[in-house]
Amino acid sequence: MPRWRVLAVFLLPAFLLYSVFIVYPLVTALEYSFFEWRGIRQTGFAGLANYRDLFTIYPYDQQLWRAFGHNALFFAGTMLIQNTVGLLFALLLFRHGRGKRFLQAAFTTPYLVDPLVVGYLWSLLLNPTFGPVNSLLEAAGLDSWALPWLGDTRTALPVVIVVNAWQWVGFPMLLFSAALAGIPAEYHEAARVDGASAWQAFRRVTLPLLTPAIGVVSVLTFIGNFNAFGLVYAMAGSTGSPAGSTDVLGLLFYRVAFVEGGTEAIGRSSALAVLMFVFIFGVSMLAGSYFRRRERRLL
Amino acid sequence: MTARGRAPGRVAVHLLLWGYAVVALLPLVVMLLNSLRPTSEIFTTPLGLPASPTLDSYARVWTEASFSTYLLNSLAVTCGAVLLGTAVSALAAYPLARYDFAGNRVLGAYFLAGLMLPIRLGLVPIFYLMDSMGLIDSLLGLTLLYAASGVPFCMFVLSAFYRSLPGELDEAARIDGAGEFRIFGQIMLPLVRPALASVMLFQFVPLWHEFLYPLVLLRSDEKFTIPRGLSQFFGEYTTDWSALFAGLVLATAPLFVLFVLATRQIIAGLTAGMSK
């Protein structure tokens, strides 16, 4: 057992670095949200007024719900497109012989690219006049499909969701592949001996056994989507253009804190930060315990 | 199910998988090819091979748009932060994992809590904290912040590694009269080296890509990291598409190089962890 002075040499550098730059700002954000601000001066205790303002004062009362709705759509769309396709690829690759490694590497390559680069790259590729995507569609005779993808309020958010899925689809694929490899082969044989069709075997045997992996993928997708920033910033700027149709909570927080928050920026943006944290953390915890209960029922 | 009955299905599966491989890789190939073509050529034929490949746009991006500066800044900040974060964590995780002193558990939980906290939500206080320390628009400030953000993850992984080492090792050294720092430096640290390598690599990627902190904390062009510089650059070079594609390639290339070089090291690190 070393002496306290020796222990301190080991522990203090990490303790100080972590406390000053991570813990202190988080605790302070909570404190800031309960105070009244004029610029960078605290003018008194505000109770929950900053929180109330987010729901009652224009433009936050509209932008907050709109951004929240977009995050919810982002999550739903990602689960539906990215994670379903990821599972499909994992299943198809599971018994795939030649080229399996190459295909896995190809599907996961976009994930190595900075989300900001992905966003800028696709905004060039989807450009209505000079972008290769529309010229490809026109060359294939699909002129009516050559839309101003990121310029139209109806297509912008779905396009962001698909581009995000393009980047991340390798991640659920790898997790599901690992989970599939862990299912004993006897289970599939037993199902076949009992005369189950391929679909029945998947629905009744494989899918329930993938519950833990589905839980992990869902929670991580949720956390990632509700923290989205770089990709959307690159494709739609800090206002979520066109006309706020791609605005998400991350962008809204940035704008309230540093762009258009005015003299009350500190209090209100801190309140928004705390709300986001409580929501994301709370839902992740609930989802985690839900999936653990489902798992226990399997055993 | 006969082999013949499954054949059309197999063809469809192959088409789907190889077709998607094209979808996954083609945009990156287009990015590379277009960076080698002059803008006029990109505008007339958006999809095509370079008629006469040229590196002109790279020269422009490298010097005029100061990508060389962004690259050096990114390297300095990311490497500095990864080294600092890993070093302090390697020190702190050792006594936490191997000695039972008062407060050990509380301190361990305190560090691990950082794994679950969304540190970006402390952005506003971080801004004013940096401001009060004169670290706005400073690469040192960004390095310290990045290093701190890696501490919880490093502590988590390294503690597990230290714990897995047999207790006889340090006991024998202690009987031979070695001091704590010597045991740490000459016995423990070399044994967790594979873990140190993978921990550093896992920190590197998100820090290399970090955008929100530099967006808020950096002000002047000569301090920008690559993501921050890229966002500036896309505002200024809107019509020079050749340069835009070259910028994207330059922002992406370092990480690809790192991964090609390091893949073997990551796999070694991970399997070393599993076999214990």
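In this predicted model, chain A carries a small piece of sheet: strand β1 (residues 35–38) and strand β2 (residues 41–45) run antiparallel and are joined by four bridges. One of the pairings puts A:Trp37 opposite A:Gln42 of β2(A). The hairpin formed by β1(A) and β2(A) leaves two residues between the strands, and A:Gly39 there takes a positive phi near 65°.

Next come the helices of chain A. Helix α1 (residues 4–32) packs on helix α14 (residues 265–298) at an angle of about 115°, the two axes being 8 Å apart. The crossing of α1(A) past α14(A) is left-handed. On the α1(A) side, the contact is built from A:Ala29, A:Leu30 and A:Tyr32, while α14(A) brings in A:Ile266, A:Gly267, A:Ser270, A:Ala273 and A:Val274. Sorted by class, that contact comes out as six nonpolar and two polar residues, with no charged ones.

Chain B offers another helix pair, α4(B) with α7(B). Here the angle is about 35° and the axes sit 6 Å apart. The crossing of α4(B) past α7(B) is right-handed. Their contact splits into 21 nonpolar, eight polar and two charged residues.

As for the interior, the largest nonpolar core has 143 residues, and A:Val232 and B:Leu158 are the ones with the most contacts inside it. The element that gives the most to this core is α7(B), with 15 residues. Leaving aside residues up to four places away in sequence, A:Val232 touches A:Val160, A:Gly240, A:Thr246, A:Val248 and A:Leu251.

That leaves the contact between the chains, which draws 52 residues from chain A and 58 residues from chain B. On the side of chain B that touches chain A, at least two residues each come from α1 (3–35), α2 (39–44), α4 (67–98), α6 (123–132), α7 (139–164), α11 (212–217), α12 (226–236) and α13 (241–275). Of these, α1(B) gives the most, with 10 residues. The make-up of this side of chain B is 50 nonpolar, seven polar and just one charged residue. Both helices of the chain B pair described above, α4 and α7, thus turn up again among the suppliers of the surface facing chain A.

Methods. Residues are numbered from 1 along each chain as its sequence is written. Chains are lettered from A and ligands numbered from 1 in the order in which they are written. This is a predicted model: local features need pLDDT of at least 70, side-chain atom pairs count only at pLDDT 80 or more; totals for chains, interfaces and linings use all residues. Two residues are in contact if their C-beta atoms, placed from the backbone, lie within 7 Å. Ala, Val, Leu, Ile, Met, Phe, Trp, Tyr, Cys and Pro count as nonpolar, Asp, Glu, Lys and Arg as charged, and the others, Gly among them, as polar. Two strands pair if DSSP finds at least two bridges between them. Axes are lines fitted to C-alpha atoms, for helices over the stretch in contact, and angles run from 0 to 180 degrees between N-to-C directions. A crossing is left-handed if the near helix is turned anticlockwise from the far one by less than a right angle, and right-handed if clockwise. A nonpolar core is a set of buried Ala, Val, Leu, Ile, Met, Phe, Trp, Tyr and Cys residues joined through C-beta atoms within 7 Å. A residue is buried if 20 or more other C-beta atoms lie within 10 Å of its own, exposed if 12 or fewer, and partly exposed in between; C-beta atoms are placed from the backbone.
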